[in-house]
Amino acid sequence: MPTTNSLSPSMLLTLAFAAALVLQLLVQVWLNARQVRHVAQHRHAVPAVFAPFISLQSHQKAADYTLAKARLGLAHMAWGTLILLGWTLLGGLNLLNELLLQAMEPGMLQQLVLLSCFALISGLLDLPFSYYQTFVLEARFGFNKSTRGIWLGDLLKSSLLAAVIGLPIAWVILWFMAATGSLWWLWAWCIWTGFQLLLMWIFPSFIAPLFNKFEPLADESLKSRVTQLMQRCGFAAKGLFVMDGSRRSAHANAYFTGFGNSKRVVFYDTLLKQLNADEVEAVLAHELGHFKHKHILKRMLGMFALSLSGFALLGWLSQQVWFFTGLGVLPSPAMAFGLPAHDHALALLLFALAMPVFTFWAGPLTAHFSRRDEFEADAYAMQQAQGSALASALLKLYKDNASTLTPDPVYARYYYSHPPAVERLARMPAPTAPESVSAA
């Protein structure tokens, strides 16, 4: 019987990856089961604190929607685990690479084709879940407003956009990997960071309009209130826009987008139909709270720091033979491990496939900091607008988006980026305009 000390680095990586993947799936299934059981147990009665504001029918719709999403999520998790195993330990990525090396010479073009084929196959394998989510699950609960034509058009546009944007940045990173020596990862990280900032700057004006129509906010009274609020908070935006979110979904939202002088405020048209002026102002004040507390900047800097660590780790792993062989890429006459250019796309793909399995366990920590930021933004909103209006707006959004009021506490701690409704509303004044409990 071999001992741990006799195992090769390749075998150790294989065992570690397999163990982490199985453990991740078991934890996900356990958390999913807890959520399903907890929501189902509390389906038959509205929690007392929400009873004056939310009808039993609305509460049960939210519970049923949550349960349906959880079941679909469980199937998606199992499918994703099988696909990940297929790409890695079962040799799918190795086979795809070998087939391409038989059809074309190794080099930059072959690497870009490998990345493209991987993205295409992965997208096709995930397509049934996307279709079911939109046209079965969302439609069953009255949220889907999209047509198959719109859905297909979005799919084609996003695929073309990914190619137009993704292939050039991939080419640059692969070139750095091949041409700039052992510190390629530092140069590549600089390029990647600059690309992310550029993307944030061009997204509102050039990318988002490819998918949605944006009209200037026409309600002069609301526009005046929003403008005064932003002036009080020291926030400057290029414009206030309404997005035709109802063209695809009944869900409502509002957000800031852009970077530098391209910042803009965007309201879903569904949001403006559901909330009154006080509530819209309070929701926007919450978003401004993120700006005031520099949450977005902190997250962006954190993301850049993590990506630097990731590039540094990839820089080391891409030079280790066991990194490839441990994840299912085997040596062959067509491939010499080390630093030949045609190994680099494989390194990128293997790293992208394997890292989420090991970083999954950081989820509760990132969720904790995100919930903390939401509480801070709520507190700021209650200083700048009516706290009772923020509470009533959240209640309307929970109801209209069919968000469960009774999530499992452990599930919420692990996954929720926003505090559960009962925790969030406990810190606010009573809502200003409770809905009739007989309302749907």
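In this predicted model, K294 has a relative accessibility of 47% and therefore counts as partly exposed. This lysine is placed in the loop between helix 9 and helix 10. Its phi is near 60°, a positive value in a residue other than glycine. Such a value deserves notice because most residues other than glycine have a negative phi.

A402 also has a positive phi, of about 55°, although it is not a glycine. This alanine belongs to the loop between helix 14 and helix 15. With a relative accessible area of 3%, A402 is buried. A glycine with a positive phi can be found as well: G181, just after helix 5, takes a value of about 80°.

**Helices 5 and 10**

Helix 5 covers residues 148-179, which amounts to 32 residues. From its first C-alpha to its last it reaches 45 Å, close to the 46 Å expected at 1.5 Å a residue. Where does helix 5 have a kink? The kink, of about 30°, lies at G166, shortly before the proline P168.

The buried residues of helix 5 include I150, W151, D154 and L161, and further along I169, A170 and I173. The buried residues of this helix pack against helix 4 (108-140), helix 6 (184-207), helix 10 (295-317) and helix 12 (344-359).

Helix 10 has 23 residues, which should span 33 Å at 1.5 Å a residue; the end C-alpha atoms are 32 Å apart, in agreement with that value. Among its buried residues are H295, M300, F304, S307 and G310. The packing partners of the buried residues of helix 10 are helix 5, helix 6, helix 9, helix 11 (321-325), helix 12 and helix 13. One general point helps in reading such lists: an α-helix has 3.6 residues a turn, so residues three or four places apart point the same way.

**Salt bridges**

How many salt bridges does the count come to? The count is 13. Three of the pairs are set out below.

| Pair | N to O distance |
|---|---|
| R34 and D408 | 2.9 Å |
| R225 and D278 | 2.7 Å |
| E279 and K396 | 3.0 Å |

The side chains of R34 and D408 meet in a salt bridge. R34 lies in helix 1 (residues 9-41) and D408 in the loop between helix 14 (387-400) and helix 15 (409-415), so this pair ties together parts that are 374 residues apart in sequence. R34 is partly exposed, at 22% relative accessibility, whereas D408 is buried, with a relative accessible area of 3%.

The salt bridge of R225 with D278 links distant parts of the chain, with R225 in helix 7 (residues 220-233), D278 in helix 9 (residues 277-292) and their positions 53 residues apart in the numbering. R225 is partly exposed at 25% relative accessibility, and D278 is partly exposed with a relative accessible area of 26%.

The side chains of E279 and K396 also form a salt bridge. The pair links helix 9, where E279 lies, to helix 14, where K396 lies, and the two residues are 117 residues apart. Is E279 buried or exposed? At 0% relative accessibility, E279 counts as buried, while K396 is partly exposed, at 23%. In addition, salt bridges that share partners join R225, R232, D278 and E281 into one network.

**R371 and R413**

R371 is located in helix 13 (residues 363-384). This arginine is buried yet has no salt bridge. Why does R371 have no salt bridge? The nearest side chain of opposite charge, E423, is 5.6 Å away, and a salt bridge requires a distance within 4 Å, so the pair does not qualify. A polar atom of the R371 side chain does, however, lie 2.9 Å from the backbone oxygen of Y416. Leaving aside neighbours within four places in sequence, R371 is in contact with A412, R413, Y416, S417, H418 and P419.

R413, one of those contacts, is found in helix 15. At 38% relative accessibility, R413 counts as partly exposed. A polar contact of 2.8 Å joins the side chains of R413 and E423. Beyond its neighbours within four places in sequence, R413 is in contact with P364, A367, R371, P420 and E423. The C-alpha atoms of R413 and H42 are separated by 18 Å, although these residues are 371 residues apart along the chain.

Conventions
Residues numbered from 1 in each chain as written. Predicted model: local features only at pLDDT ≥ 70, side-chain atom pairs only at ≥ 80, totals over all residues. Heavy atoms only, no water. Helix = DSSP H or I, 4+ residues; strand = E, 2+ residues; numbered from the N terminus. Buried < 20%, exposed > 50% of the residue type's maximum accessible area, 1.4 Å probe, protein only. Lys, Arg positive; Asp, Glu negative; His and termini not counted. Polar contact = N/O pair within 3.5 Å; in protein donor to acceptor, adjacent residues only side chain to side chain. Contact = heavy atoms within 4.5 Å. Expected span 1.5 Å × (residues − 1). Bend = angle between axes of the 7 residues up to and from the residue.
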